[in-house]
Amino acid sequence: MPTVVIETRVRAADPDEVFARVSDFTHYPEYTDAVKSVAITRADGGELLSDWSVVFRNGILCWSERDHIDPAARTIRFEQTRGDFQTFEGGGSVEADGADVAVAFCASFDLGMPSIADMINPIAERTLRENMHRILIGLLGEAIVFETAGAASKLRELIRLGG
């Protein structure tokens with residue numbers, strides 16, 4: 001399954017404030033035109049059910065997901081429950097790093113089109129990466145710096161273990 005990993009650093013920020021912004025999905029459409037809508041259909045403690053509508057090339061991808069939000073650990077895990085992907089899962093983490101904050105996002109997906117996967121997967125990866133960059137810049141401002149892979153290994157392990 002293709003996987004997209006994004007690591008960022010927010011200069012001179014508070015990790016709890018950064019996590020509060022990152023975990024507030026309903027405001028994502030305010031930060032990029034790539035996200036058309038996010039609706040929370042149920043909230044139960046640290047678990048949300050959310051419906052997403054996102055621009056993908058010349059169309060719209062729609063899905064529902066179960067989100068596990070842990071403010072104490074500053075982590076988010078999600079898995080699609082139904083929608084346009086065959087599989088879509090991943091998560092994010094926010095950690096203090098001195099005066100800065102490290103933010104990581106990791107998502108794996110399968111569009112369920114094996115006959116054209118070699119052609120469509122790179123486009124989907126690039127689109128997901130570009131959309132997440134726009135969302136993060138909108139959420140966190142110009143103090144954000146995108147980094148290369150490194151700390152996301154902890155996030156991958158968290159997602160793989162489901163906790």
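**A turn between two strands, and the fold around it**

Arg74 sits in the loop that links strand S4 (59-70) to strand S5 (75-83). In this predicted model, the backbone at Arg74 takes a positive phi of about 55°, even though the residue is not a glycine. Most residues other than glycine have a negative phi. Is Arg74 buried or exposed? With a relative accessible area of 19%, Arg74 comes out as buried, because the cut-off for that label is under 20%. Ala73 is found in the loop between S4 and S5 too. At 41% relative accessibility, Ala73 counts as partly exposed. From Ala73 to Ile144, 71 residues apart along the chain, the C-alpha separation is 21 Å.

A positive phi also turns up at Ala12, with a value of about 45°, and Ala12 is not a glycine either. Ala12 belongs to the loop between strand S1 (3-10) and helix H1 (15-22). Here the side of the cut-off is plain: Ala12 has 66% relative accessibility and so counts as exposed.

Stepping back to the whole chain, the model has three helices and eight strands. Walking along the sequence, they come in the order β-α-β-β-β-β-β-β-α-β-α. The radius of gyration is 15 Å, close to the 15 Å that the globule rule gives for 163 residues, so the chain is as compact as a globular protein of that length. Put in a box along the principal axes, the C-alpha atoms fill roughly 45 × 35 × 30 Å. Among contacts with a separation of 6 or more, 51% are between residues 24 or more positions apart.

As for what is covered and what is not, buried residues make up 45% of the 163 residues. The accessible surface of the chain comes to about 8,400 Å², and carbon and sulfur atoms account for 51% of that area. On the charge side, there are 16 positive and 26 negative side chains. The centres of these two sets lie 3 Å apart.

Now for the inside. In soluble globular proteins, nonpolar side chains tend to be buried together. In this model the largest nonpolar core has 38 residues. Which residues have the most contacts inside that core? They are Phe25, Tyr28, Phe88, Val103, Phe109 and Leu140. Helix H2 (residues 117-140) supplies the largest share of the core, with nine residues.

Phe88 makes a handy way into this core. Phe88 lies in strand S6 (residues 87-97), and its relative accessibility of 6% makes it buried. Leaving out neighbours within four places in sequence, Phe88 is in contact with Trp63, Glu65, Phe78, Glu79, Gln80, Ala107, Ser108, Phe109 and Leu128. One of these partners, Phe109, is also on the list of residues with the most contacts inside the core. Two of the elements already met come back here: Trp63 and Glu65, which Phe88 touches, fall within the range of strand S4 (59-70), while Phe78, Glu79 and Gln80, also touched by Phe88, fall within that of strand S5 (75-83). Leu128, another contact of Phe88, falls within helix H2 (residues 117-140). Arg129 is 41 residues from Phe88 along the chain, and the two C-alpha atoms are separated by 14 Å.

Helix H2 is also home to Arg134, which counts as partly exposed at 37% relative accessibility. What does Arg134 touch, not counting residues up to four places away in sequence? The contacts are Tyr31, Thr32, Asp33 and Ala34. For Ala34, 100 residues away along the chain, the C-alpha distance to Arg134 is 8.2 Å.

The last stop is Ser23, in the loop between H1 and strand S2 (35-44). Ser23 is buried, at 16% relative accessibility. Beyond residues up to four places away in sequence, Ser23 touches Ile69 and Ile76. These two contacts lead back to the opening of this section, as Ile69 falls within the range of S4 (59-70) and Ile76 within that of S5 (75-83), the strands on either side of the loop that holds Arg74. By contrast with those contacts, Ser23 and Arg57, 34 residues apart in sequence, are 25 Å apart in space, C-alpha to C-alpha.

Conventions:
Residues are numbered from 1 along each chain as its sequence is written. This is a predicted model: local features need pLDDT of at least 70, side-chain atom pairs count only at pLDDT 80 or more; totals for chains, interfaces and linings use all residues. Side-chain values use heavy atoms; hydrogens and water are left out. Helices (H or I, at least four residues) and strands (E, at least two) are DSSP runs, numbered from the N terminus. The radius of gyration is taken over C-alpha atoms; the globule rule is 2.2 Å times the number of residues to the power 0.38. Buried means under 20% relative accessible area, exposed over 50%, partly exposed in between (1.4 Å probe, protein chains only). Contact means heavy atoms within 4.5 Å. Accessible areas come from the Shrake-Rupley method with a 1.4 Å probe; for residues, only the protein chains shown count as cover. Lys and Arg count as positive and Asp and Glu as negative; His and the chain ends are not counted. The place of a charge is taken as NZ of Lys, CZ of Arg, CG of Asp or CD of Glu. A nonpolar core is a set of buried Ala, Val, Leu, Ile, Met, Phe, Trp, Tyr and Cys residues joined through side-chain atoms within 4.5 Å.
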